[in-house]
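Colleague: Hey, can you walk me through the model you have open? I'd like the plain version.

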Amino acid sequence: MALHAELHRHLGGSVVPRVLWRYFQRQNQELANPFPEYQQFEDFYTKPRNTLEEYLELHTLVEKVQTIETLPYFIYRLIRGAYTFENLAYLELRYTPYLRTPDNLSQSERIDLMSEIVMTVGKATQQNEYPIVTSQILCTHTRLPDEVNRAIVDLAIQIPQYVCAIDVAGGDNNYKERIDEFIKLYKYAREQGVKTTGHLYETPNGCHPELLPYLMRIGHGIQIPLKYPELLKEVASRGQCLEVCPTTYFKTGTLDDITQLKTVFDKCFDAGVDIAICTDNAGLHNVRLPFEYENLLTLDVIDFRELQACQDAAFRHAFAWPYGKRPQEMLTGLLKPESIVAEAFNN
Ligand SMILES: [Zn+2]
């Protein structure tokens, strides 16, 4: 039995198309009307976009329906699927809590409601029926004012039982003019003991070396091995792990050739930089974690030994995995295969 850790998955992009389509059919006629047949919806929802911007637009469709009332509905289905079909033992789920509050309220009312959202998500992820160790990463956002982003970091400080880290989202080509603001936020988070990751070096315009030292893991980071391999040495020495989400780069038009992805893995392995393979948006892409693994193997991007190294790295760099090692090591620690075989022979 292989059990996996997923470190980079957006709550919005985690809803698989069939669950979302059914939800629209049952609850939201306005959104259901353009897609009377499921297949039409799947085609629309999962088709590749030309740019990261266009791709991120799609998230707003899901954000609109993920409210405090409906979040438990979506999360129950997410955890059920992740346990049953993906063999996840560990999951870090990320989202911007502010964007789950009603947009007709004032900014301060929306800020006040954020803690309720975090608690609702936290309770919904803890299910005895489908037990996965789960924690939340709260995303600050390039489209939100500094005051809101600071409140998001404060929330991460206040609710450690449900939140393990912060992130910055909203397209990494939009940080440039606000980079100092985000550096301050990240410094503050680190001082307060909050762990950090951030969408950075995903696209050619999203390379901001000033922010890099404040991240414990790098969301994507693929432009480092591709365009700035001279940075790999310091990334390795800081022990920063890249969260590589293979399908994303082909859905957003960031990469168009699979050999580029091979370069990413090869250069990182050579430089001693860890990679955790992640889905980013398993629902939106309709590609779950085991299929990300399988695609990389069949396309000869990595081999089985390298896959295992990445799977180990995911547990090692997990922000809230309490056991330190991969579950199968824990299992074989209890039941040594050789002793089972020896016992069988003795009987
Ligand atoms: Zn992401």
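Modeller: Sure, we'll go from the overall fold to the metal site and then to some single residues.

Modeller: Keep in mind that this is a predicted model.

Colleague: Okay. How many helices and strands are there in the protein?

Modeller: The protein has 17 helices and eight strands. Its radius of gyration is 20 Å, close to the 20 Å that the globule rule gives for 347 residues, so the protein is as compact as a globular protein of that length.

Colleague: And what box do the C-alpha atoms fill?

Modeller: Along the principal axes, that box is roughly 70 × 50 × 40 Å.

Colleague: What share of the residues count as buried?

Modeller: That's 54% of the 347 residues. As for the surface, the protein exposes about 15,500 Å², and carbon and sulfur atoms supply 51% of that area.

Colleague: What about contacts between residues far along the chain from one another?

Modeller: Take the contacts with a separation of 6 or more: 72% of them come from residues 24 or more positions apart.

Colleague: Now the metal. Which residues coordinate the zinc ion?

Modeller: The zinc ion is held by His8, His10 and His199, each through NE2, and by Asp280 through OD. The distances run from 2.1 to 2.3 Å.

Colleague: Is the site tetrahedral or irregular?

Modeller: Irregular, with angles of 81 to 172 degrees among the four donor atoms. To count as tetrahedral, all angles would have to lie between 85 and 135 degrees. For reference, the ideal angle for four tetrahedral donors is 109.5 degrees.

Colleague: How are the donors of the zinc ion spaced along the chain?

Modeller: They follow the pattern H-x1-H-x188-H-x80-D. Histidine 8 is in strand S1 (residues 4-10), while aspartate 280 is in the loop between strand S8 (275-277) and helix H13 (282-285), so this pair ties together parts that are 272 residues apart in sequence.

Colleague: Are those two buried or exposed?

Modeller: Buried: histidine 8 has a relative accessible area of 0%, and aspartate 280 has 3% relative accessibility.

Colleague: Changing topic: which residues have an odd backbone?

Modeller: I'd look at phi. Most residues other than glycine have a negative phi. Tyrosine 201, though, has a positive phi, near 55 degrees. Tyrosine 201 is placed in the loop between strand S5 (195-200) and strand S6 (217-220), and with 1% relative accessibility it counts as buried.

Colleague: Any other example?

Modeller: Histidine 220 also has a positive phi, near 80 degrees. Histidine 220 is part of strand S6 and counts as buried at 0% relative accessibility.

Colleague: You mentioned S6 twice. What else lies in strand S6?

Modeller: Arginine 217 does, and arginine 217 is buried, with a relative accessible area of 1%. Leaving aside neighbours within four places in sequence, arginine 217 is in contact with a list of residues including Leu7, Glu92, Arg94, Thr196, Gly198, Glu243 and His317.

Colleague: How far is arginine 217 from lysine 251?

Modeller: C-alpha to C-alpha, arginine 217 and lysine 251 are 23 Å apart in space, with their positions 34 residues apart in sequence.

Colleague: On to the rings. How many aromatic pairs are there?

Modeller: The count comes to 18 aromatic pairs. One of them joins tryptophan 21 and tyrosine 38 edge-to-face, 5.6 Å centre to centre with 75 degrees between the planes. Tryptophan 21 lies in helix H1 (residues 17-27) and tyrosine 38 in helix H3 (residues 38-46), so the pair ties together parts that are 17 residues apart in sequence.

Colleague: And how buried are those two?

Modeller: Both count as buried: tryptophan 21 has a relative accessible area of 14%, and tyrosine 38 has 10%.

Colleague: Which residues do ring pairs link into a cluster?

Modeller: The cluster is made up of Tyr23, Phe24, Phe35, Phe41, Phe44, Tyr45, Tyr73 and Phe74.

Colleague: Last one: where does leucine 3 lie, and what does it touch?

Modeller: Leucine 3 lies in the segment before S1 and is buried, with a relative accessible area of 18%. Not counting residues up to four places away in sequence, leucine 3 touches Asn87, Ala89, Phe315, Arg326, Pro327 and Gln328. The C-alpha atoms of leucine 3 and alanine 32 are separated by 36 Å, and these two residues are 29 residues apart along the chain.

Methods:
Residues are numbered from 1 along each chain as its sequence is written. This is a predicted model: local features need pLDDT of at least 70, side-chain atom pairs count only at pLDDT 80 or more; totals for chains, interfaces and linings use all residues. Side-chain values use heavy atoms; hydrogens and water are left out. Donors are N, O and S atoms within 2.8 Å of the metal (3.2 Å for Na, K and Ca); water is not among the atoms, so sites may look incomplete. Four donors count as tetrahedral if all angles lie between 85 and 135 degrees; four count as square planar and six as octahedral if opposite donors are over 155 degrees apart and all others between 65 and 115; anything else is irregular. Helices (H or I, at least four residues) and strands (E, at least two) are DSSP runs, numbered from the N terminus. Buried means under 20% relative accessible area, exposed over 50%, partly exposed in between (1.4 Å probe, protein chains only). The radius of gyration is taken over C-alpha atoms; the globule rule is 2.2 Å times the number of residues to the power 0.38. Contact means heavy atoms within 4.5 Å. Accessible areas come from the Shrake-Rupley method with a 1.4 Å probe; for residues, only the protein chains shown count as cover. Rings of Phe, Tyr and Trp (its six-membered ring) pair if their centres lie within 6.5 Å; planes under 30 degrees apart count as stacked, over 60 as edge-to-face and the rest as tilted.
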